[in-house]
Amino acid sequence: MNESDSRAGELARLFEESLSRYQAALAEATSESALRVVHARYAGKEGEIRKRLADALKAAPGPDKRAVGQAGNTALQKAEELFGSRLVDLHEQKRQADLQRRLDVTIPGRPHRLGGLHLLTQVRLELEGIFAELGFQVATGPQVETDFHNFEALAMPKDHPARDMQDTFYLRSHDPSHDPLVLRTHTSPVQIRTMLQQKPPVRIISPGKVYRKDDDPTHSPMFQQIEGLCVDEGVTMADLKGTLLYFVQRFFGPGIGLRLRPSFFPFTEPSAEVDIECFFCKRSGCRTCKGSGYIEILGCGMVDPEVFRHVGYDSEKYSGFAFGTGLERMTMLRYGISDLRLFFAGDARFTEQFR
Amino acid sequence: MKVSWNWLCELLDLPAGISPQAVAERLSVSGVAVDAIHPIGKGLSGAIVVEVRGKRPHPKADKLTLVDVFDGKEVTQVVCGAPNVPSPGEPLSSPRLVWARPGATLPSGMTLSVREVRGVPSPGMLCAEDELGLSEDHGGILILAPEDGIAIGADFAQAAGLPDFVFELDITPNRPDLLGHIGVAREIAALFRHEGVRLKPTSTDPRTVLGWFADPVHCRDCDSPEHFEKAPRIVVEDPEGCPRYFAHRLTGVRVHKSPLFYRLRLQRLGVRALSNVVDATNLALLQFGHPLHAFDLGKLAGQQLMIRRAKAGEKLKTLDGQDRELLPEDLLIADVEQGVAVAGVMGGQTSEVGETTTDVLLECAYFSPARVRRTSKRLKLHTEASHRFERGTDPSALPEVADACAELIVKLSGGRLAAPPTDVYRHKIPTQKLTLRPERTTAILGLAIPTATQKDCLEALGLGVTFDGQLLHVEVPTRRPDLSREIDLIEEVARIYGLAHLPMTLPRLAMAEPPPPTKGMTIYRNADRARLLCASLGLSEVLLFSMTSPERVRLGEGKQATRPHLLDNPLREELSVLRTRLLPGLVELLRQNLAHGQTDIRLFEVGEVFLPSSPGELLPTERTHVAAVLYGHRDHFLKPTASDALDFFDVKGLCEQLLDGLGLKLCLQPSSEAGPRAVFIRVATENEAPMLHPGAAAAVVAAQSGELLGVFGELHPDQQKSHDLPNPAFALELVVPALPIEKQPYVAPSRFPGASRDLSFFVDDKVEAARLMDTLWHAGEPLLRGVSLLEDYRQPGHVPTGQKGLLFSLTYRSDERTLTDEEVHKAHQRVISHLGAKFSLQLRQ
Ligand SMILES: [Zn+2]
């Protein structure tokens, strides 16, 4: 055995010894960061193995340097392998330990509270959507109106008994020479304002709050209406009936029929009330339909020539239909709500039922 | 209005098999809504009229009476529990009762038998009104007088006109002709013309139908001149208010109760029976739909009537005992001394028909609908008469109606006509002559109805129709004031022909430009957007009335003197003012919801408020607001902890999200160059936010115009207390912007990474964070892309007195390259020195 061989054997032992201590230290480390500290101490730039390698290289005569370097690299490679395998083990251990966790999944979750639109808003948006399918655009107007827009232009002059059909709130006036101001009793003034601004064809719906001097479970001093108006050349009452059937079947469900009963509104002629077939009892008679098999849902008619006169439309050239219904009534029917006042009571327990 | 089926049957030839229900159904689908059908005395049989022959107490029961009744053949003892058993009188003039004998059935379905009552056998029972199905009255047994003219032993149901059905009709205001049985009968005849239903041939003189002419009355001495003198003296001074006045004079009248048949008929139709004379006017009213009034002629000073305008302040005590003060627009019926009736509304007390009346002046007039309506409205006196006059009665029918009524008075009271009638009718109201183009009907309805059919429909209603090959010429009788135009005739054709025949089509959608966007529609859309934003932020929508109480308006306005709009005729004080803000209503809801046991409450409303009119504007300024209230805790796990409690920055965060979602740009300072969408947040003054805590109230202000757009913050402790809230609440209210939400162009995110650097310093604690952030942004550093505040700490001991510690994170980035450490470092130093130049900072590492 020559000197060079014995030096190599000595060096290999040194590396072996380092590696065995290194392995033991790795085995003791139980976290990735501790592992990295151990790795740095032995195999890092300043680590023991590199240090021993550097010392050996310094001491080794020229021809042996290569062999020394090779032994060092083998040791370092071994050190990296040990580190890598220990790291994998550690990850696997952690993973296994994590997989042992068992939560009580039945504990209630941390809430992410849902807000919600008022049921009437939901229904209004739905109705706007349905009428948009038929080309009706939304139009709006003020809630405080002049007597002219609310009544006169709708063929309800002062002293007309039809005014009894709508009990009206008046605003206190500081100037009696002005046209009296009212809280609008219907959204029909929006039709007047639209027609005063726009030539036919007109196809609008006007949703909005209206006011009547009434207060009981089926009447509220404030409620919401949605009214429609369609004016053009050649618009007929058959068009009205078809439009309403489309609406009824989209809103209340397919297959539900309707009937028109002649009635009276000052601003339409002919006028009609619209009944739909009772969807609760399928026309066999129940409490909702008071045994008749039909439920009244809206009023409608052909625009009265008198209204056209007020807005400057030629009633020989143009004809049109109008209809109007209460948003609350539609909603109560569909959801089986019996007290109108619930809509305006602001009770979170009511509101939060309808998401 | 109520109508009696039996009465209709008296007016109609009605083939058997047409039931009341079938008639009601047809009426309903043809424009005369039948709200209900009440059967009267249905199922009653075997009850007879008996005379009281004796009574004595039941031996074993205080409250029971043993009554001997005579049925024309024999006397029977019946046990009776009623408190009002009458004492017997002389045979044939003794009170009479209704006895349901064993075997009789009552409307309730009960069949009577002999029953033992406390040891005494009782065959059948003596009946009260409710047991006979006449009314709900169970106060005592029904007692009849001999004058009721019902023979002892007679079948009660038959004598009382039972069974009957009462229809409740909803008559639309355009159809005054349907406010009497004859009009309804005419309508039924038109609707059932193909089933053989006709008005009785005597229909032109329907009085005969009712048997009112059993003993026709004539004025026997009409030809003598002195008799002519006795005709009622009527002076119409105001023919505009009273186009026609027709009057009869009757003499020898004896006033007493009407016979049972008529009393029950009136009662069934909701009219109180009073005396034979007054009942006769009411029966005529129900028959013809035309009101009449009977004056006691003996109580009329000067025995003459004047129809004139009231003098201002003229007083009259009406039949209901109220003193009425009149105005010149009111039409008054007066004798030579004083007013005796408010024309068309109500008679006066002084000339009321009573037991002593012997001579009657019977008024049957046509008054101006508008005048009657104005007076009735002003006096708040709505009567059966005013209801009909204001809708328009038939001026042509006056003689017929007055004659019929006079006949009935004669029949019921034994008097006679004392003179020929007086008829003041200067300008005859003509019948309307209209034309109808048959093709116009088709154009309006979208349904071709043959001309002959159209003619048939109109004739069915009693209109005179001729066809000249092109046009239908229609003569409309004066009873139909609602038919004055071609369109009115088209409606009648549609109604009688049946709307069920209408086909269903959709209107042609013609080419039209989309309407230009309006401010109102922009606000409407933004309001819906605000609703969706609030809902997605976890709030629940509520809807409150626009009307509120003056107190609540004061709460929201504080010391500011905003004059709210008041209602002239509110339902009640709490709903007497139009709201100027939404918050007062929402805060009240917090109280109510807490009372319902809710804990964490988040509510919002989007709605209109009503502010003083702008100069020159008649209508109030209506503005749409969004408001929210928060109470309790944030979303939390199981039991909430102290750190889960809501605070100011929850409502601020909500506000920032809302502003952003509504297209507003949050900036840090007012600026004249900022766009119309730029807003900033500053401390709110007490005037701006009277409901909020002065130290935790912020205002949202338009950066360009300085306009106040809203406030948010913590509820004022006083409000918290007065609304019974144990913990602080948080609130916000914003104006929904009138600007359309801008469509932002897409900006691609930078491909190069940014680098962040912390900036930590102490600074005077009065320096607002927004000023510091604004200064950082305005340092002129082009690489600066983000400024975020990470910490604000003020713990004593850790921070020098009067200072606060802030930690910002600043982000630097270039769109062209990845920045080097050195570039970032230099930029960061430039920003720091800019900030240091403006504020006294103590930088920290
Ligand atoms: Zn039903």
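Trainee: What makes the arrangement around the zinc ion tetrahedral?

Mentor: The 4 donor atoms subtend angles of 100 to 116°, and four donors count as tetrahedral if all angles lie between 85 and 135 degrees, so the label fits. Keep in mind that this is a predicted model, where local features need pLDDT of at least 70, side-chain atom pairs count only at pLDDT 80 or more, and totals for chains, interfaces and linings use all residues. Residues are numbered from 1 along each chain as written, chains are lettered from A and ligands numbered from 1 in the order written, and side-chain values use heavy atoms, leaving out hydrogens and water.

Trainee: Which atoms coordinate the zinc ion?

Mentor: The SG atoms of Cys278(A), Cys281(A), Cys286(A) and Cys289(A), at 2.2 to 2.3 Å. Donors are N, O and S atoms within 2.8 Å of the metal (3.2 Å for Na, K and Ca); water is not among the atoms, so sites may look incomplete.

Trainee: Why is Cys289(A) called buried?

Mentor: Buried means under 20% relative accessible area, exposed over 50%, partly exposed in between (1.4 Å probe, protein chains only). Cys289(A) is at 3%, so it counts as buried, whereas Cys286(A) has 24% and is therefore partly exposed.

Trainee: And why does Arg124(A) count as buried?

Mentor: Its relative accessibility is 4%, so Arg124(A) falls under that cut-off too.

Trainee: What does the side chain of Arg124(A) make a polar contact with?

Mentor: The side chain of Tyr524(B), at 2.8 Å. A polar contact is a pair of N or O atoms within 3.5 Å; within protein, one must be able to donate a hydrogen and the other to accept it, and residues adjacent in sequence count only if both atoms are side-chain atoms.

How values were computed
Four donors count as tetrahedral if all angles lie between 85 and 135 degrees; four count as square planar and six as octahedral if opposite donors are over 155 degrees apart and all others between 65 and 115; anything else is irregular.
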